[in-house]
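Biologist: I would like to learn how to read a helix and a sheet in a model like this one. Can we take them one after the other?

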Amino acid sequence: MLTFSSTQIWRTARILNKSRLKSSALSMAGRSISRGASPGSMCDAETIFALSSGHGRCGVAVVRVSGPASSTALRSMAGLTSAMPPPRRALLRTITDPHSTEVLDRGLILWFPGPQSFTGEDSAEFHIHGGPAVTSAVLQALGSLAGLRPAEAGEFTRRAFHAGKLDLTEVEGLGDLIHAETEAQRRQALRQMSGELGGLYHDWGSRLKRCLAHIEAFIDFSEDELIEDGVISQVDGWVSALQGEVEGHLKDERRGERLRSGVQVVIAGATNAGKSSLLNALCRRPAAIVSPVAGTTRDVVETALDIGGFPVLLSDTAGLRDSPDPVEQEGVRRARERVEQADLTLVVMDSTLLLPDLQQAPALLQGYIHSVLPPREEPDPVRCVVVLNKADLLPEHRRGQLERALAGAALPPWCLASCRSAAGLQALLEELQAALKALCGDPLAAGPPSLTQARHRAHLTQCVAALQQYQHLRDRDLALAADSVRLALSSLGRITGRVGADEILDIVFRDFCIGK
């Protein structure tokens with residue numbers, strides 16, 4: 001524990017104030033998006049309202065009000081003459097027009113006094129019948145009250161963020177939860193909304209603040225021999241460890257982003273292999289035209305699916321072959337382009353083509369796979385599943401011979417299937433689910449949650465670059481090295497929306513007990 005004089009305290013504050021000026025990006029970001037800061041474009045006196053349960057006919061609709069006039073709105077429309085109802089307790093009331101006293105509906109009201117509310121402000125809710133006429137009348141009545149206005153898109157959540165109720169990662173998690181269409185997406189969004197991802201970044205930010213505080217103290221007081229030489233070596237260890245953690249977090253093969261936006265699965269192969277039939281079988285409807293005429297599919301046919309809880313955008317493509325027809329050539333070009341962009345490729349082959357020479361079947365299949373996948377790309381068991389279609393045309397004994405011939409070969413996952421009889425499709429779905437789980441990961445798996453946004457990846461990449469710069473500048477100019485740590489801290493802060501220079505001074509006083 002180190003003790004310093006009041007003069008040295010003043011010097012520390014002065015130098016840290018100078019450092020704030022040098023790191024203008026950090027300070028500006030702290031002022032503009034810091035948790036708890038008031039939004040510059042938002043008037044604190046405004047009270048907002050909106051239909052929160054979505055538009056359309058429904059049994060119950062929820063109208064939310066937030067702001068200082070929420071209590072006035074509740075009193076005016078629910079006929080409250082005495083005290084406000086108990087917080088967070090539903091009360092059945094007649095909802096009336098505040099001017100004409102006409103009865104609009106009979107429903108539940110709830111009162112959420114700030115800061116114990118979603119937005120951190122005084123808030124109220126009207127739970128009314130969900131018919132369009134009822135909701136429209138209630139919204140019009142609220143709009144007629146002084147000081148109330150309709151909310152803008154996302155404004156309730158924006159106010160919650162500025163009140164410190166949510167950080168930006170939690171806000172994004174909430175948005176992902178609202179838009180989640182599959183079980184895996186829901187689980188990932190819930191995990192992010194609960195604060196796990198933000199907590200990880202806050203922890204890294206706290207460690208960087210400590211590193212920066214120690215560097216600043218060393219720069220300030222090392223000449224007075226009040227700071228031990230080992231302080232910077234200790235910071236070097238902290239920075240190196242943190243850099244390794246962030247780099248490991250980035251090496252997730254974009255699992256969280258893929259799960260959030262959907263896995264691009266492309267069906268590809270030669271003409272008449274049964275690609276369109278496979279698309280129809282997987283989505284259980286005639287999404288694509290099926291014909292015995294080769295080259296029927298000319299353009300990409302897409303459909304969205306939920307396979308085992310994972311979101312999939314399944315694309316059927318034109319058959320791959322040389323053709324003099326310019327329209328078909330364009331279809332083949334688009335097909336190859338989609339295969340290059342795909343997260344997972346279903347390589348479809350007519351299984352009867354492997355029968356003439358079973359000894360050469362593995363080599364023939366391997367060559368076929370290479371002709372479908374992008375050049376020089378080795379078949380990845382996670383990125384490729386082979387579908388040997390038209391198994392219903394194989395004699396039973398020949399089917400067994402083919403399976404034995406391929407069993408020991410070094411091939412991606414494969415399965416015999418028939419789109420006509422549906423034989424083998426369940427096995428194919430199981431292979432697909434395994435591949436999708438490998439591509440997206442398990443949202444409930446132990447360990448740090450996955451990255452879900454491209455902006456997270458961009459800021460974390462900047463953070464790693466800044467930490468690498470610290471290692472490079474450490475022995476040349478410690479002040480410039482400190483600026484690199486500030487840049488890394490600023491990059492982390494932009495993910496959660498919380499950056500501030502004042503916290504660095506707090507750590508200096510706490511860790512070094514200056515001015516005891």
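Biologist: What covers the buried residues of α7?

Modeller: This is a predicted model. The cover includes three helices that I would look at together, α6 (168-179), α8 (196-221) and α10 (255-261), as well as strand β9 (310-316) and helix α16 (454-473).

Biologist: Which residues of α7 are buried?

Modeller: Helix α7 spans residues 183-193, and A184, Q185, Q188, A189, R191 and Q192 are buried there.

Biologist: Why are they on the same side of α7?

Modeller: In general, an α-helix has 3.6 residues a turn, so residues three or four places apart point the same way. In this case the buried residues cover an arc of only 160° around the axis, which puts them on the same side of α7. Just after the helix, G195 has a positive phi of about 100°.

Biologist: Now the sheet. What is the order of its six strands?

Modeller: The order is β3-β4-β5-β2-β1-β6, in an open sheet with mixed pairing. At the edges are β3 (91-96) and β6 (148-150), each pairing on one side only. Neighbouring strands are turned by 30° against each other on average, direction ignored.

Biologist: How many bridges join β1 to β6?

Modeller: Three, and the two strands run parallel; β1 covers residues 47-51. T47 is opposite L148 in β6.

Biologist: Which strands does helix α4 touch?

Modeller: Helix α4 (residues 132-143) packs on the sheet and touches β1, β2, β3, β4, β5 and β6, with its direction at about 150° to that of β5. Helix α3 (residues 70-78) also lies across β1, β2, β3, β4, β5 and β6, and runs at about 145° to β4.

Notes. Residues numbered from 1 in each chain as written. Predicted model: local features only at pLDDT ≥ 70, side-chain atom pairs only at ≥ 80, totals over all residues. Heavy atoms only, no water. Pairing = 2+ DSSP bridges. Helix = DSSP H or I, 4+ residues; strand = E, 2+ residues; numbered from the N terminus. Axes fitted to C-alpha atoms, helices over the stretch in contact; angles between N-to-C directions. Contact = heavy atoms within 4.5 Å. Buried < 20%, exposed > 50% of the residue type's maximum accessible area, 1.4 Å probe, protein only. Arc of directions from axis to C-beta.
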